Amino acid sequence: VAADSLEAQLNREDLVAIPAAEALGQGGNNNQIDGLLARALDDTASLELRVACTDAIGSTVARTRHKQPGLFDGLISIVENRDIDADLRRAAVAALGKPPLAPGERARLVDVLDVFATGEGMGGDGMDEDDDDDDL
């Protein structure tokens with residue numbers, strides 16, 4: 001019941017919603033994943049909230065080892081969308097690595113990660129923004 005109350009806070013301002021998402025990641029269960037995923041996919045939500053919700057999904061499925069129907073497709077849609085901020089996409093990749101995946105899902109994730117490895121997936125050369133060669 002407390003987790004359901006926290007889930008209801010995800011639609012409030014970030015000052016309330018982000019700590020609620022973080023708390024759900026620590027103690028929520030699979031019943032809150034749909035709400036967390038909805039906010040992670042909501043392009044009207046702030047980047048910080050979307051990342052917090054995605055991190056909470058990863059924490060929850062790592063703890064429960066259960067994957068909700070539609071979770072893979074929702075998270076992979078974040079990863080594949082090059083218009084989405086790299087931090088959110090990285091959080092989605094991390095969350096995808098937590099639950100058990102079906103063989104077809106594993107293959108699709110490997111394909112997406114291969115794009116990351118070539119640098120095409122993160123919008124550039126695959127390097128972090130602050131990673132440069134000045135210190136060589």
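Helices, as named in these legends, are DSSP runs of H or I with at least four residues, numbered from the N terminus, and the loop that holds R65 is placed by this naming between α4 and α5.

**Figure 1. Overview of the predicted model, an arrangement of helices without strands.** The protein chain of this predicted model contains seven helices and zero strands, so that, in the naming defined above, the order of elements from the N terminus on reads α-α-α-α-α-α-α. Of the 136 residues in the protein chain, 41% are buried. Among the contacts in the protein chain with a separation of 6 or more, 65% join residues that lie 24 or more positions apart. The chain exposes about 7500 Å², and carbon and sulfur atoms supply 49% of that area.

**Figure 2. Close-up of the packing of helix α3 on helix α4.** Helix α3, which covers residues 33-41, packs with α4 at an angle of about 150 degrees, and the two axes are 8 Å apart; the crossing of this pair is left-handed. On the α3 side the contact involves I33, L36, L37, R39, A40 and L41, which meet L49, R50, C53, T54, A56, I57, T60 and V61 in α4. Sorted by class, the residues of this contact are ten nonpolar, two polar and two charged.

**Figure 3. Close-up of the crossing of helix α4 with helix α5.** Helix α4 spans residues 47-64 and helix α5 spans residues 71-80, and their axes, which come within 12 Å, cross at roughly 140 degrees. Because angles count as roughly antiparallel when they are over 145 degrees, α4 is classed as oblique to α5. The crossing of α4 and α5 is left-handed. The contact is formed by T54, I57 and V61 from α4 together with L71, L75 and I78 from α5, and by class it holds five nonpolar residues, one polar residue and no charged residues. T54, I57 and V61 of α4 are thus listed in this contact, and T54, I57 and V61 are also listed among the α4 residues that meet α3.

**Figure 4. Close-up of R65 in the loop between α4 and α5.** In the loop between α4 and α5, R65 is the residue shown, and its phi is near 60 degrees, a positive value in a residue other than glycine. The relative accessibility of R65 is 48%, and R65 therefore counts as partly exposed, since the exposed class requires a value over 50% and the buried class a value under 20%.

How values were computed: Residues are numbered from 1 along each chain as its sequence is written. This is a predicted model: local features need pLDDT of at least 70, side-chain atom pairs count only at pLDDT 80 or more; totals for chains, interfaces and linings use all residues. Side-chain values use heavy atoms; hydrogens and water are left out. Axes are lines fitted to C-alpha atoms, for helices over the stretch in contact, and angles run from 0 to 180 degrees between N-to-C directions. Helices (H or I, at least four residues) and strands (E, at least two) are DSSP runs, numbered from the N terminus. Angles under 35 degrees count as roughly parallel, over 145 as roughly antiparallel, 65 to 115 as roughly perpendicular and the rest as oblique. A crossing is left-handed if the near helix is turned anticlockwise from the far one by less than a right angle, and right-handed if clockwise. Contact means heavy atoms within 4.5 Å. Ala, Val, Leu, Ile, Met, Phe, Trp, Tyr, Cys and Pro count as nonpolar, Asp, Glu, Lys and Arg as charged, and the others, Gly among them, as polar. Buried means under 20% relative accessible area, exposed over 50%, partly exposed in between (1.4 Å probe, protein chains only). Accessible areas come from the Shrake-Rupley method with a 1.4 Å probe; for residues, only the protein chains shown count as cover.
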